Amino acid sequence: MRKEGRAISLDTAPAGPKAAEEKVGAKPTGNGGRYSAQSRLGGHAPRTERTGRALPFDDPRHLQAHQWMVEEAYILDAQNYEDWLDILTEDIHYIMPVRVTTALTAGFDSAPHMAHFDENKYSLSRRVARFLTEHAWTEDPPSRLRHHVTNVRTFATPNPDELIVDTAILLYRSRGDVREASVISAGREDLLRKVGDGWQLARRTILVDDSVLRTQNLAVFL
């Protein structure tokens with residue numbers, strides 16, 4: 001007997017809240033709110049979660065979010081970190097949990113209370129300030145960076161001025177002339193908030209695809 005395959009529905013009108021939760025899933029990529037809640041620096045972070053299915057690619061909100069992600073990638077590639085700070089909200093939480101390898105039924109895939117990054121606006125600003133001193137040895141000479149951002153999906157939230165954005169990111173980083181370049185693959189869940197006529201980043205959860213990072217240091221941002 002031939003078994004029918006499963007199609008991905010692009011219908012953007014789920015049958016109801018319960019159906020939407022079952023189809024979208026209560027485990028979004030990154031699940032940023034949960035990681036922020038477990039963090040010592042994430043107590044202030046917004047707990048906004050997605051609602052419904054991913055927005056259509058021609059939705060104006062998706063187009064704005066997609067453009068925002070691309071523009072941010074260029075800022076990070078150029079290491080214009082002072083400009084980057086300007087597009088972060090004051091209550092930003094930026095977290096990159098340490099991934100661990102566990103059994104399928106373990107119920108977790110990161111080390112509790114451990115993170116490569118666990119930052120608020122102040123700590124991020126201190127990292128950026130250090131780049132401007134003569135003591136930033138890890139980035140003098142600076143790395144050559146390329147942030148490849150793809151698989152962008154955008155979700156509405158209960159707040160009309162906030163969006164959840166899922167992306168896949170591949171960071172290529174080359175420094176010096178001898179060491180091999182390093183590559184970091186990760187998934188991100190971002191919370192964008194409308195501020196004035198533009199958008200700012202209010203929360204970022206980065207889930208790397210390696211349990212052991214194959215890079216010399218993490219002196220750059222993803």
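Two strands count as paired if DSSP finds at least two bridges between them. Helices (H or I, at least four residues) and strands (E, at least two) are DSSP runs, numbered from the N terminus.

This is a predicted model, in which local features need pLDDT of at least 70, side-chain atom pairs count only at pLDDT 80 or more, and totals for chains, interfaces and linings use all residues. Residues are numbered from 1 along each chain as its sequence is written, and side-chain values use heavy atoms, with hydrogens and water left out.

The protein chain has five helices and six strands. Along the sequence they follow the pattern α-α-α-α-β-β-α-β-β-β-β. Of the 222 residues in the protein chain, 45% are buried, where buried means under 20% relative accessible area with a 1.4 Å probe, protein chains only.

Strand S5 covers residues 182-195, and ten of its 14 residues are buried, so S5 is largely enclosed by the rest of the structure. S5 pairs with two strands, as the table shows.

| Strand pair | Bridges | Direction | One bridge |
|---|---|---|---|
| S4 (residues 162-174) and S5 | Twelve bridges | antiparallel | Asp166 with Glu189 |
| S5 and S6 (residues 198-208) | Ten bridges | antiparallel | Glu189 with Thr205 |

Glu189 of S5 is thus listed with Asp166 and with Thr205 of S6. The hairpin of S5 and S6 has two residues between the strands, and Gly196 there takes a positive phi near 65 degrees.

Contact means heavy atoms within 4.5 Å. Among contacts in the protein chain between residues at least 6 apart in sequence, 67% join residues at least 24 apart.

Conventions. Buried means under 20% relative accessible area, exposed over 50%, partly exposed in between (1.4 Å probe, protein chains only).
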